[in-house]
Number of protein chains: 2
Amino acid sequence: MNADITELRKDPITGRWAIIYVDGQRELPKWEPVGADGDTENCPFCEGHEDRTSPEIFAYRKEGTYPNTPGWFVRCIPHIRPWLSVRANLDRKGLGLFDMMHSIGAHEVIIETPHHDCDYHNSSLEQVVRILSTYRNRIVDLKKDQRLKYVLIFKNRGKPAGSLHVSHAHSQVIATPVVPIRTIQELHGTLKYFKMKDRCIFCDIIRQELKDGVRVVDENETFLCLIPYASRFPYECLILPKRHRAQFSQIEDAELKGLAQLFKRIFNRLHQVLNDPPYNCVLHDAPNTVPQKGAWQTIDQDYHWHFEIIPRIMRTAGFEWGSGFHINPIAPEKAVQDLRSISLKIDETKC
Amino acid sequence: MNADITELRKDPITGRWAIIYVDGQRELPKWEPVGADGDTENCPFCEGHEDRTSPEIFAYRKEGTYPNTPGWFVRCIPHIRPWLSVRANLDRKGLGLFDMMHSIGAHEVIIETPHHDCDYHNSSLEQVVRILSTYRNRIVDLKKDQRLKYVLIFKNRGKPAGSLHVSHAHSQVIATPVVPIRTIQELHGTLKYFKMKDRCIFCDIIRQELKDGVRVVDENETFLCLIPYASRFPYECLILPKRHRAQFSQIEDAELKGLAQLFKRIFNRLHQVLNDPPYNCVLHDAPNTVPQKGAWQTIDQDYHWHFEIIPRIMRTAGFEWGSGFHINPIAPEKAVQDLRSISLKIDETKC
C-alpha cells in the first residue's frame, strides 16, 4: 500500500469514468521513439515512387506538374487493400437476430509529405495547411454520396499506434454506410445536454476551461487545445474550434491556417516532452446524413467537431476493454504543465 | 486492389459494427508465445514467498495449513498499489460541468496457482473450480458494501495483454462506486430487447447459435462457448450459462464444475491453435445495486452474465478508438473451425 491519491472523474459527454492519479504518479512504461526508419529505397510513399501506388484521387502539386509524377506536396490515393469499397451494393440483410450489410464505403490514404522523415512537428505552416485542406476536400467529396453516412479521418504514427507497414507520414480516410458507435454515443451526450440547457456542451466546456486555465495547453484566436478533465490516456489532447461548428467541412481558409498553426505547436510540444511518441490523431466530425425528424435534428447546434490526439505510450488491458473505465497515471493538470513548460522549436522547419 | 470480401456486421447488444473478412483473410501480425519466464526466484506469487505479498483476504488451502504460509491452492490478496481503496470517503463533487468522486472501492489480486508456469489450459479441473469459486466468493463479499456498485473481475495474461510486472497466473478484482460505461451500454441493449420481446437477448442468441451451429466452439450440459457474430477481434470467445442468470454470484457448485470443464477445454484450444497467446478474460456481470424504480428494474430478467475472452494478437489503432468500429481479419465461422479441429490435450494436467 502507498500514498497514491486517485480521483474518479466522469466525462461529461459520454458518461464514462476515468481513474486519475492526482497525487503521486505511476511510472510510464518505456516506449521507443518513432524516429525515421531511413528506408527511402523501399518506401512507396516517397517522391519519385508514384508508380508504386494506385493513381491519385487528389493532390496538391507544384504548378505544371502532372498527376502521378513528382512535384506534389500532398497526395491522396486509394488504399491498396481497402476495408470498404464503393463498388459493392449495400444489400442490408437480417439473419435471425443479426444484421449485416456488404461493406460499401471508401478507404483512402493521404500521403502527408513527399519527405520520408517529416511530420507535423517539423513541417512548415503551408504544408500543414495543405494536409488539413486535403481532409476538408475528401470529406466534402465523399459526403456527396448519400449512402455514406460518416467519413472518419485518422492518423496512426508508429507501430504501437497501429502503423505497421509504412513509416512515412500518412493519414487514412474511411467512409462508412453506418454511423460509428463512438459518434452515436457522443451525439447522445451532446443532444441530452442541449435539451437541458439549449447550449452546445463543447462550447460550455471551452468557456469553463478558458476561465479555469489549468487544462489549457495552448490556444490562438480561432482554436484551443486542452487536456480533457477525465482523460483516458496520459497527455491526451483535444483540439477544438472556439467558434461553434458541427461539421469540419464548414472550416474556412483563414481558419485552416489557425488550425495548422496550433497543430504545429501541439505536436512540437508532444514531440519534445514525450520524445517522438507513437500517437493516434482522430477527427471527430458530425455524420453526413442527419435524420431530419427524430432525435438528431438539432445536430448542427448541439455537436462540435474536434481532433483527439492520443500518444500511445500505455497499453490497454482487460480492465479497459471490459469496463470502459480507464486508468490514467498522470493528472491532466500535471500533463498540461509539462507541455507548456518547453520552448517551442517550430522554426526548425524541415519540410 | 484485390478480391477480399468484407461484411459489416452489427452487434445485436451494443449496436456497434465490425468489418469482417468473410472471404480471403489478412495475415495476422506475429506475436510472442507468453511462455513462462522461469524466474521463480523473484516471483512474489510463488509458493513459499507468501511474506512478499500483503496478508491474504481469502484462500483455498490444504487442511491444517495457516494463512500466509505455504499449502494454498488459490490466494486472494490486496493489490500492492491499488487504483481504488475502501478507506476513502466517496465525497461526490461537481466542479462546474465536471463530476468527480474520490476513488473509493477495492482492488485485489487472485493468485490462481502456487506454480509459476501453470494456466487454465494445463490445470486440473479441481484447480479451475477453485479459481472460479474464488471469483464467486469475492463478488458475494464485496457486494455486501452497498457503496460499491460494480465488481469487475478480469485477467491479463502476457505483456501485450497488459500484464507487465508478474508473469505468474493471476486475476484482478476491482470494485467501483459507479457502474462502468460498457456495462451500462450492455444493459441499455438488453433492456431495449426485453421491452420489445419480453425475452433475454442472450437467451435468444444462445438458441439461434445452437440451431445454426457454425459459431459454437464447444458446449456441455450447462455452458456454451461461441464466437460472436460481430466479433471485434480474431478468435474472441464468449462463455455463457445456458440457463438464464443475471448474477454470477447465483452460480451453484455443480455449475461451477461445468464452467471449469469448459474453461479448460476452451483455453486448451486457444493455447494450441494460437501458440500460447497473450489474452484478456473479463467477466461481464450484472451490477450490485439495481435502482428499483426506473429503467433497470427488469435487470434479473434481461441481463445474462458471460465471460469474454480476447486473444491479444492484434493491435488496436486510431480507427478503433475513434469510431468504435473494429476490423476483424478472420471470420468467426473460420475461427470456430480452427478451434474445433484440434485434439484436446486436457489430460496432460500439470497443476
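Axes here are lines fitted to C-alpha atoms, for helices over the stretch in contact, and angles run from 0 to 180 degrees between N-to-C directions. Helices (H or I, at least four residues) and strands (E, at least two) are DSSP runs, numbered from the N terminus. The structure is a predicted model, in which local features need pLDDT of at least 70, side-chain atom pairs count only at pLDDT 80 or more, and totals for chains, interfaces and linings use all residues. Residues are numbered from 1 along each chain as its sequence is written, while chains are lettered from A and ligands numbered from 1 in the order in which they are written.

A helix pair in chain B makes a good starting point. Helix α1 (residues 125-142) and helix α4 (residues 253-273) of chain B pack with their axes 9 Å apart, at an angle of about 115°. This makes α1(B) roughly perpendicular to α4(B), a term that covers angles of 65 to 115 degrees.

Chain A offers an open sheet of ten antiparallel strands, in the order β3-β4-β7-β9-β8-β13-β14-β12-β11-β10; strands pair if DSSP finds at least two bridges between them. At its edges stand β3 (58-61) and β10 (216-219) of chain A, each with a single partner strand, so one side of each has no neighbour in the sheet. From one strand to the next, the twist averages 15°. Within this sheet, β8 (residues 150-157) and β9 (residues 170-176) of chain A are joined antiparallel over five bridges, and Tyr150(A) has Thr176(A) as its bridge partner in β9(A).

Pairing also links the two chains: β6 (residues 98-102) of chain A runs antiparallel to β1 (residues 5-10) of chain B over four bridges. There, His102(A) lies opposite Glu7(B).

Definitions and conventions. Parallel < 35°, antiparallel > 145°, perpendicular 65-115°, else oblique.
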